[in-house]
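Visitor: I would like to learn how to read a helix and a sheet in a model. Please start with the helix.

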Amino acid sequence: MRLEAVSFAVRGKPLLTDIGLEVTSGQRIMVLGPNGAGKSLTLRLCHGLLQPTKGRVTWLGAGANTPRRRHAMVFQRPVMLRRSALANITHALALQGIGRAQRKEQALAALRHFGLEALADRPARVLSGGEQQRLAMARAWALRPEVLFLDEPCAALDPGATHAIEEMIQAFHRAGVTIVMTTHNMGQARRLADEVIFLHHGRLLEQTPAAEFFEQPRSEAADAFMKGELLW
Ligand SMILES: Nc1ncnc2c1ncn2[C@@H]1O[C@H](COP(=O)(O)OP(=O)(O)OP(=O)(O)O)[C@@H](O)[C@H]1O
């Protein structure tokens, strides 16, 4: 996936300016930066939920232009329908055009993959926050994406639930799925990142291999941010 000179403005107010980046298959990319930097907007543009005001997002590689979406997104607060856990997954598969006969099997396989089959018949909305987020991850898995976007997936979770989601992220990674994720948890970023993208005031200040970023960021703003200085 490549972003070329992507800008996004609302009523003339620039929120993202001239973002250029390329995401290599199979990488785990952490998008970091202070509140309001433009991290969520960047993920939404990549996922196609928003259209750039200027510039373009292109998908490279074989089958890049096939109509079926090859990416999934998990949000801080999972969006669940008033249906069973299983039906939430089969519904997502139906939206992707998967045939009725295949949906249930594919949904059950995703739940089983993460040891969640006991949740299948429970109403999704009464599951705990941690269970709902694990269900959201299983739903994303069922879609068999090539890229998974995660927008602060653990922000509302305790350490145990956070650990469970990190394990699931690693399962996606082992399966070859590219991960693009925002987090404010620097421990988590260190545990998961292959590469870091740092945004500030709607601009991309650097895209740096993780080991180098955590040793010494290239930009002054990222250096200050990592030292815990207050940026705004
Ligand atoms: N639809 C919109 N209309 C106007 N402003 C918006 C809209 N969406 C986002 N913004 C603004 O764009 C800026 C970037 O928002 P974004 O949610 O991408 O930040 P973020 O880096 O994800 O922040 P946080 O870490 O707090 O989640 C913010 O100032 C936000 O208020």
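Guide: Start with the outward face of helix H3: the side turned away from its buried residues carries the exposed residues Ala 101, Gln 102, Glu 105 and Arg 112. Buried means that 20 or more other C-beta atoms, placed from the backbone, lie within 10 Å of the residue's own; exposed means 12 or fewer, and partly exposed is in between. This is a predicted model, where local features need pLDDT of at least 70 and side-chain atom pairs count only at pLDDT 80 or more, while totals for chains, interfaces and linings use all residues. Residues are numbered from 1 along each chain as its sequence is written.

Visitor: Which residues in H3 are buried?

Guide: Arg 103, Ala 107, Ala 110 and Leu 111. Down the axis of H3 the buried residues fall within an arc of 95°, so they line one face; the arc is taken from the directions from the helix axis to the C-beta atoms.

Visitor: What comes after H3?

Guide: Gly 115 follows H3, with a positive phi near 65°.

Visitor: And how are strands read?

Guide: Strands of a sheet pair through backbone hydrogen bonds, either parallel or antiparallel. Helices (H or I, at least four residues) and strands (E, at least two) are DSSP runs, numbered from the N terminus. Here six strands make an open sheet of mixed pairing, ordered E5-E6-E7-E3-E8-E9. E5 (71-74) and E9 (203-209) are at the edges with a single partner strand each, so one side of each has no neighbour in the sheet.

Visitor: In which sense do E6 and E7 pair?

Guide: Parallel, over five bridges; two strands pair if DSSP finds at least two bridges between them. Leu 150 stands opposite Met 181 in E7.
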